[in-house]
Amino acid sequence: MPWISLPDPDGVPPRRVGDDLDTIVRRAGVTGGQAAAAVFTRWEEAVGASIAIHAHPLSVRGTTLVVGVDGPAYATQLRMLIPQLIGRLADLAGLGVIDSVDVRVRG
């Protein structure tokens, strides 16, 4: 059965969340909402499954991606991969969305 929206008593048509995502994220201090969201939704694709198990994007502050890792060894590994990661994120989310990565050990 296909989805059919219910009539709105105010006559306002439904909107997709993605249509407003840039505005919502911009109000939170992040630019490029849909592009930044791609960083989170496509993280495993960007870093690979073996790294994604131990490293997770925490936030985007301006064009800096903050990543939390399980331990110091993973922090070192990810820091060595930052140039490749920024290139991969540019492919997935757009050029200039992420231009630096801040790796933090969680624990």
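**Strand pairing and the nonpolar core**

Pro57 stands opposite Val67 in strand S2, and this pair offers a way into the predicted model. The two strands concerned, S1 (residues 55-61) and S2, are paired in the antiparallel sense over six bridges. Between S1 and S2 lie two residues, so that the strands make a hairpin, and Gly62 in the turn has a positive phi of about 70°.

Strand S2, spanning residues 64-69, is mostly covered, with five of its six residues buried. S2 is also joined by six bridges to strand S3 (residues 100-105), and these two strands run parallel; within S3, Ser100 is the bridge partner of Thr64.

On the S1 side of the hairpin, Ser59 belongs to strand S1. Ser59 counts as buried because its relative accessible area is 17%, under the 20% limit that the term requires. Setting aside residues up to four places away in sequence, Ser59 touches Phe40, Thr64, Leu65 and Val66.

The largest nonpolar core comprises 24 residues, and those with the most contacts inside it include Trp43, Leu65, Val67 and Ile98. At least two residues of this core come from each of helices H2 (33-41), H3 (43-47), H4 (49-52), H5 (72-80) and H6 (82-93), and likewise from each of the strands S1, S2 and S3. Helix H6 gives the most to this core, with five residues.

Trp43, again leaving out residues up to four places away in sequence, touches Ala38, Gly48, Ala52, Ala55, His56, Pro57, Leu65, Val67 and Leu85. Among these contacts of Trp43 are thus Pro57 and Val67, the two residues that stand opposite each other.

Methods: Residues are numbered from 1 along each chain as its sequence is written. This is a predicted model: local features need pLDDT of at least 70, side-chain atom pairs count only at pLDDT 80 or more; totals for chains, interfaces and linings use all residues. Side-chain values use heavy atoms; hydrogens and water are left out. Buried means under 20% relative accessible area, exposed over 50%, partly exposed in between (1.4 Å probe, protein chains only). Helices (H or I, at least four residues) and strands (E, at least two) are DSSP runs, numbered from the N terminus. Two strands pair if DSSP finds at least two bridges between them. Contact means heavy atoms within 4.5 Å. A nonpolar core is a set of buried Ala, Val, Leu, Ile, Met, Phe, Trp, Tyr and Cys residues joined through side-chain atoms within 4.5 Å.
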